[in-house]
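Open the viewer and keep the selection panel at hand. The tour runs from the ligand outward.

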Amino acid sequence: MKKLVVLTGAGMSAESGISTFRDSGGLWEKYKVEEVATPEGFEANPGLVLDFYNQRRKQLYTCQPNEGHLGLAALEKDFEVYIITQNVDNLHERASSTNVLHLHGELTKACPVGDPYTVYDIPPGKDLQLGDTDPQGRQLRPFIVWFGEAVPMIEPAIRQIADADIFVIIGTSLNVYPAAGLLGYARRGQPIFLIDPQEVHTCRTDIHFIRALASEGVRQLTRLLKEYR
Ligand code: APR
């Protein structure tokens, strides 16, 4: 089977009711990035940051995968599909995609401050509070890659893209590095599809642009991919 690698961003989950970041009405219009998405913000006001992610986690449990997530999972019958997501929700997994790499962490997980390699599940319905510690007594924080922090999963993501037969990008403004640089690892001649309702500026001219929301875009993509099976 051909290897299909899909990079997804916030637009993938927009139709599930999860806000994007930079669209009008997006999360970064309502919150200050430096307050809720940096290690310095957490140090300055950990309660505010924990609350921000507690609210987003609660909201996630009210959302369902949309047809786009389900359509990508269905492609597994014809392709070896690898999803690289910038999203911290678990909607790809809940749509039954089997290979999902999270570049920016996961809302339903926690890690001790200073140790992003030890990861714990947050039980559904539970909030993360100041004073919640791991067995070694270390304060737990959201397992989220904040601005200014290393992105440990970028290396495996690069390897997957460089090794792909087909590369697909869905619902990301490609504003945030290192994720935005992943497009540069797609080989020349490798078919590249980009699904987004808005124009997305890239440095490449060899992209097949599908201007649509994720659900409709994945439907069109599925039809187009018939000739690549
Ligand atoms: N279907 C597909 N794409 C959509 C939809 C939709 N229904 N709605 C919006 N979009 C597109 C927008 O046009 C935009 O190009 O999704 C993109 C969302 O861009 P951003 O809000 O910048 O989100 P993203 O690229 O995922 O952000 C990257 O930035 O703040 C950080 O860590 C956060 O992972 C996030 C990273």
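For residue classes, Ala, Val, Leu, Ile, Met, Phe, Trp, Tyr, Cys and Pro count as nonpolar, Asp, Glu, Lys and Arg as charged, and the others, Gly among them, as polar. This is a predicted model, where local features need pLDDT of at least 70, side-chain atom pairs count only at pLDDT 80 or more, and totals for chains, interfaces and linings use all residues. Residues are numbered from 1 along each chain as its sequence is written, and side-chain values use heavy atoms, with hydrogens and water left out.

Select the ligand and its shell (residues with a heavy atom within 4 Å). There are 22 residues around the ligand, and Ala10, Arg22, Thr172, Ser173 and Asp196 come nearest. By class, the shell holds nine nonpolar, nine polar and four charged residues.

Next, show polar contacts (pairs of N or O atoms within 3.5 Å). Pick Arg22: an N or O atom of its side chain is 2.7 Å from a ligand oxygen. Go to His104, where a polar side-chain atom lies 2.8 Å from an oxygen atom of the ligand. At Gly171 the partner is a polar backbone atom, 3.2 Å from a ligand oxygen. Taken alone, the ligand exposes 740 Å² (Shrake-Rupley, 1.4 Å probe), and the protein buries 93% of that.

Now colour by domain, with bounds from an automatic or database assignment. Domain 1 is 1-17 + 65-104 + 150-229, and domain 2 is 19-62 + 115-144. Each gives at least three residues to the ligand shell. Their centres, taken over C-alpha atoms, are 25 Å apart.

Last stop: the domain interface. Which residue counts meet here? 14 residues of domain 1 are in contact (heavy atoms within 4.5 Å) with ten residues of domain 2.

Methods: A polar contact is a pair of N or O atoms within 3.5 Å; within protein, one must be able to donate a hydrogen and the other to accept it, and residues adjacent in sequence count only if both atoms are side-chain atoms.
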